[in-house]
Amino acid sequence: MLSLIQRVTSATVSVEGEVIGTIEAGLLALVGMEPGDGEAQIARMAERLLGYRVFADEAGRMNRSLADTGGGLLLVSQFTLAADTRSGMRPSFTTAAPPAEAEQGFNRLVDICRQKHAGRVETGRFGAHMMISLVNDGPVTFLLRP
């Protein structure tokens, strides 16, 4: 499991021209599920998403987390993130979890984040062609593993 997180001042995801998820200041997380990702990895990723310190404190240092700020979290499933790109000129998706397994794991991540985060938690639509608009703040972008 991996998540590409971006600190944003706003982010929106649309499907077929309809906005289905939107947040103001917070994190956009593109989430790739890998084969064998289980409850331990999912719980740890939720902990990292909510606790990773990427927001400025009073001194301007990245010392505050999403849990501290109460900001929004937009979770978007993205199987291409888990692609194997080590060789050739075309990605291989053998390192991504099969769709049914990935959807179940992604939905579990969403559930945990909604249970543990007082702020807004929004999502894209699993398996859909999505359009994502964001304003990256910084830019600040990190690749997280559980």
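The largest pocket of this predicted model has a volume of about 340 Å³, where a pocket is an open set of points on a 1 Å grid over the protein atoms alone, with a 1.4 Å probe fitting at the points and protein on both sides within 12 Å along at least five of seven lines. Grid points are joined across faces, edges and corners, and the volume is the space filled by probe spheres set on the points. Its lining consists of 18 residues, and Ser77, Gln78, Phe79, Ala128 and Met130 are the ones that lie nearest the centre; a lining residue has an atom within 4 Å of a point. Two or more residues of the lining come from each of strand 3 (26-32), strand 6 (72-77), helix 3 (99-116) and strand 8 (130-144), and strand 3 gives the most, with three residues. Helices (H or I, at least four residues) and strands (E, at least two) are DSSP runs, numbered from the N terminus. In chemical character, the lining divides into 12 nonpolar residues, six polar and no charged, with Ala, Val, Leu, Ile, Met, Phe, Trp, Tyr, Cys and Pro counted as nonpolar, Asp, Glu, Lys and Arg as charged, and the others, Gly among them, as polar.

Two of these lining elements, strand 3 and strand 8, also appear among the partners of strand 1. Strand 1 and strand 3 pair in the antiparallel sense over seven bridges, two strands being paired if DSSP finds at least two bridges between them, and within this pairing Val8 has Gly26 as its bridge partner. Strand 8 likewise runs antiparallel to strand 1, to which it is joined by 11 bridges, with Ala11 standing opposite Leu134. A further antiparallel pairing, over five bridges, links strand 1 to strand 2 (residues 18-23), and here Val15 is opposite Glu18. Strands 1 and 2 form a hairpin with two residues between them, and Glu16 in the turn has a positive phi of about 50°. Strand 1 itself (residues 2-15) is mostly covered, since 10 of its 14 residues are buried, where buried means under 20% relative accessible area, exposed over 50%, and partly exposed in between (1.4 Å probe, protein chains only).

Charged side chains enter the picture through the salt bridges, of which a search of the whole structure finds six; each is a side-chain nitrogen of Lys or Arg within 4 Å of a carboxyl oxygen of Asp or Glu. One of them brings together the side chains of Arg108 and Glu39, at 3.0 Å from N to O. Arg108 lies in helix 3 and Glu39 in helix 1 (residues 39-51), so the pair ties together parts that are 69 residues apart in sequence. Arg108 is partly exposed at 29% relative accessible area, and Glu39 is also partly exposed, at 43%.

Within helix 1, Glu47 forms a salt bridge with Arg44, their closest N and O atoms being 3.1 Å apart. Because these residues are three apart in the helix, about one helical turn separates them. Glu47 counts as exposed at 52% relative accessibility, whereas Arg44 is partly exposed at 33%. Another salt bridge joins Arg86 and Asp84 at 2.8 Å, N to O, and Arg86 is exposed, with a relative accessible area of 72%.

Residues are numbered from 1 along each chain as its sequence is written, and side-chain values use heavy atoms, with hydrogens and water left out. Since the model is predicted, local features need pLDDT of at least 70 and side-chain atom pairs count only at pLDDT 80 or more, while totals for chains, interfaces and linings use all residues.
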